[in-house]
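Here is a short briefing to read alongside the structure viewer. Keep the model open and follow the charged side chains as you go.

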Amino acid sequence: MSDLRNELLGGRTPTLPPYRMLVPPGWEVFELGEQDETQLIGRAAARLKANNRGDLTAAVGRYVRDALTDLRRQNAFAYAIPGEEAPTWVLGSASLVGIRRVSTPDLTLDDVVRNAVAQHGGAPLGEDARIMSWAESRTVTMDGETVRSLMLNYLIPIPGTRRTQAVHWVVNAAHAEDMPDDDPKLEAWKLLFDVHVATFAWLAE
């Protein structure tokens, strides 16, 4: 799906039309199949071994498998994380996930958009209004420590579905609990992904 040169391509996902989107420099893109799962676990194991923490390999392997299994349940189709060459100003644990969302009788995509506007100040990204974006902030527990997580959401309708299906890109970035929501680093993080998600385009089949 990706040539790992900061471009995310989707053409092998049966439920989605082909698409293209740029990802930040140094980020690595994975599918959610067994091959990429094995690759992710292998990379994590190598990093642990390099840091003399090979004893954590089994636990990290279980964590990765459980996390990817949970993403598959949510109809996720793509996953990206900062690689070794990602900019050093990355706040902490960060990820980008692509999820295929489908309207239900209880929650339509129009309902999702209305809630995003009312509850989170959602607004169109760019002048063409083809992408709805909103940000959320929440407290989470990671490795026994309490941190804040900035969650950026981008909702893009799938052509031909009459707004009943959409691609939902979700960015999660952990940061210090005492960092204010208007901290310049968080603003820069949001701008970074606004710019990259704005490059999303459906490709002719």
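The points below cover confidence, salt bridges and one long-range pairing.

This is a predicted model, with a mean pLDDT of 81 for the chain. A search of the whole structure turns up five salt bridges, and three of the pairs are worth a visit, among them Arg163 with Asp110.

**Confidence**
- Of the residues in the chain, 81% reach a pLDDT of 70 or more.
- Residues 1–5 call for some care, as pLDDT stays under 50 there.
- For that stretch, residues 1–5, the model has 14 contacts beyond four places in sequence.

**A salt bridge between a loop and helix H3**
- Arg163 and Asp110 pair up in a salt bridge, with 3.0 Å between their closest N and O atoms.
- Arg163 sits in the loop between strand E8 (145–157) and strand E9 (165–175), while Asp110 belongs to helix H3 (residues 109–120), so this pair ties together parts that are 53 residues apart in sequence.
- Asp110 is partly exposed, its relative accessible area being 27%.

**A salt bridge within helix H3**
- Arg114 and Asp111 also form a salt bridge, and here the closest N and O atoms are 2.6 Å apart.
- Why are Arg114 and Asp111 separated by about one helical turn? Because they are three residues apart in helix H3.
- Arg114 counts as exposed, at 52% relative accessibility, whereas Asp111 counts as partly exposed, at 25%.

**A salt bridge with a buried partner**
- Glu136 meets Arg138, side chain to side chain, in a salt bridge of 2.9 Å, N to O.
- Is Glu136 buried or exposed? With a relative accessibility of 15%, Glu136 counts as buried.
- Arg138 is partly exposed, with a relative accessible area of 37%.
- As a general reminder, side chains of opposite charge can pair when their charged atoms come close.

**Met21 and Thr199**
- Strand E2 (residues 19–22) is where you will find Met21.
- Met21 counts as buried, because its relative accessibility is 1% and buried means under 20%.
- Which separation in sequence lies between Met21 and Thr199? They are 178 residues apart along the chain, yet their C-alpha atoms are 5.3 Å apart in space.

Methods. Residues numbered from 1 in each chain as written. Predicted model: local features only at pLDDT ≥ 70, side-chain atom pairs only at ≥ 80, totals over all residues. Heavy atoms only, no water. pLDDT = per-residue confidence, 0-100. Contact = heavy atoms within 4.5 Å. Salt bridge = Lys/Arg side-chain N within 4 Å of Asp/Glu carboxyl O. Helix = DSSP H or I, 4+ residues; strand = E, 2+ residues; numbered from the N terminus. Buried < 20%, exposed > 50% of the residue type's maximum accessible area, 1.4 Å probe, protein only.
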